[in-house]
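Trainee: I am new to this structure and would like a close look at a single part of it, the packing of its helices. Could you take me through that part slowly, with enough of the whole chain around it to keep my bearings?

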Amino acid sequence: MRGRIQETMNPVWTNAIKNCVDPQRARHFYDLLTATPAEAEVQAYSAEQARVLAALFSGSLALSNLLVARPDWLGELEAGALRFPRRKQGLRTEVNRWLKPLLTASDLGAALARLRAFKQREMLRIAARDLARVGKLPDIMQEISDVADVCLDAVWQVCYQQLAGRYGQPCHQDAGGRWQPTAGCVLGMGKLGGQELNYSSDVDVLFVYSEEGSVFKQLPAASETPRPVLTNHQFYNRLAEAFIAEVSRMTPEGALYRIDLRLRPEGD
């Protein structure tokens, strides 16, 4: 079987595999990929496209298996798509395009599943830029960090909507006695805060909210003080717990990120 493949392999691929870091592994994944419906597309690759894919195959077992399982993502590895890094605003715009309708429809499971696929696809693209030496190291770290920022923000939105739908909205009274929504967010620390994540980094975060107050199903009028459902502290504690659980939850695709809060006050 191997002799027949060697005889019929496109010369472009023969050269790309011969000159990559691990020709045996690259050949193995080339064989697997050309056994998918993407065979014709792969066989028509230019020398540069074959070089990039051979570099990915020889450099990452996990991402090579991912590409074989998702050959429809080959378009993400086109030379034009890899030439320049993606910026955070573009990543955020793409995610918001499908996240907001799913949040409106309260289809939170679909939102999280699509987010996991988004993260996998982007890591495949970034690793191809890295392993094929198309991108520079500072750009690679920036892109990995930007993907993390966008993914963590999306999980925060999903978890917030889930809790707000169940308990209501956290609020506080301003100096004039009017009830205002209480904002909260995730702060990136360490390598995440410094925009220097690598492929295996934990994400180091803090959770903050702006004011103590109460949670109500509807924002009260200034003269009203209805019975609260929760305090803001209770709400944001539960939100942080839900966020951590979802980000670190193991699925068939793996966890989104590892989070370590043990160095933080009340990190447990």
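**Helix packing in its setting**

Mentor: The secondary structure of the protein chain comes to 12 helices and six strands, and you should keep in mind throughout that this is a predicted model. The C-alpha atoms fill a box of roughly 85 × 35 × 30 Å along the principal axes, and the radius of gyration of the chain is 23 Å, where a compact globule of 268 residues would have one near 18 Å. Buried residues make up 43% of the 268 residues, and, of the contacts with a separation of 6 or more, 69% are accounted for by residues 24 or more positions apart.

With that frame in place, we can turn to helix H3, which spans residues 23-33, and to the helices H2 and H6 that pack with it. Two packed helices are described by the angle between their axes and the distance between the axes, and that is how I shall take each pair.

Helix H6, residues 61-69, packs with H3 at an angle of about 15°, and the axes of the two helices are 9 Å apart. Because angles under 35 degrees count as roughly parallel, H3 is roughly parallel to H6. The crossing of H3 and H6 is right-handed. On the H3 side the residues in contact are Arg 25, Phe 29, Leu 32 and Leu 33, and they meet Leu 61, Ser 64, Asn 65, Leu 67 and Val 68 in H6. By character, the residues of this contact divide into six nonpolar, two polar and one charged.

Helix H2, residues 11-18, packs with H3 at an angle of about 145°, with the axes 8 Å apart. Here Trp 13, Ile 17 and Lys 18 in H2 meet Pro 23, Ala 26, Arg 27 and Tyr 30 in H3. The residues of this contact divide into five nonpolar, no polar and two charged.

For a point of reference away from these helices, consider Pro 226, which lies in the loop between strand E5 (214-216) and strand E6 (230-231). Pro 226 and Asn 19 are 207 residues apart in sequence and, from C-alpha to C-alpha, 72 Å apart in space. Leaving aside residues up to four places away in sequence, Pro 226 touches Phe 216 and Pro 220. Its relative accessible area is 33%, so Pro 226 is partly exposed, since that term covers values between 20% and 50%.

Conventions: Residues numbered from 1 in each chain as written. Predicted model: local features only at pLDDT ≥ 70, side-chain atom pairs only at ≥ 80, totals over all residues. Heavy atoms only, no water. Helix = DSSP H or I, 4+ residues; strand = E, 2+ residues; numbered from the N terminus. Buried < 20%, exposed > 50% of the residue type's maximum accessible area, 1.4 Å probe, protein only. Contact = heavy atoms within 4.5 Å. Axes fitted to C-alpha atoms, helices over the stretch in contact; angles between N-to-C directions. Parallel < 35°, antiparallel > 145°, perpendicular 65-115°, else oblique. Left-handed = near helix turned anticlockwise from the far one by under 90°. Nonpolar A, V, L, I, M, F, W, Y, C, P; charged D, E, K, R; others polar. Rg over C-alpha atoms; globule rule 2.2 N^0.38 Å.
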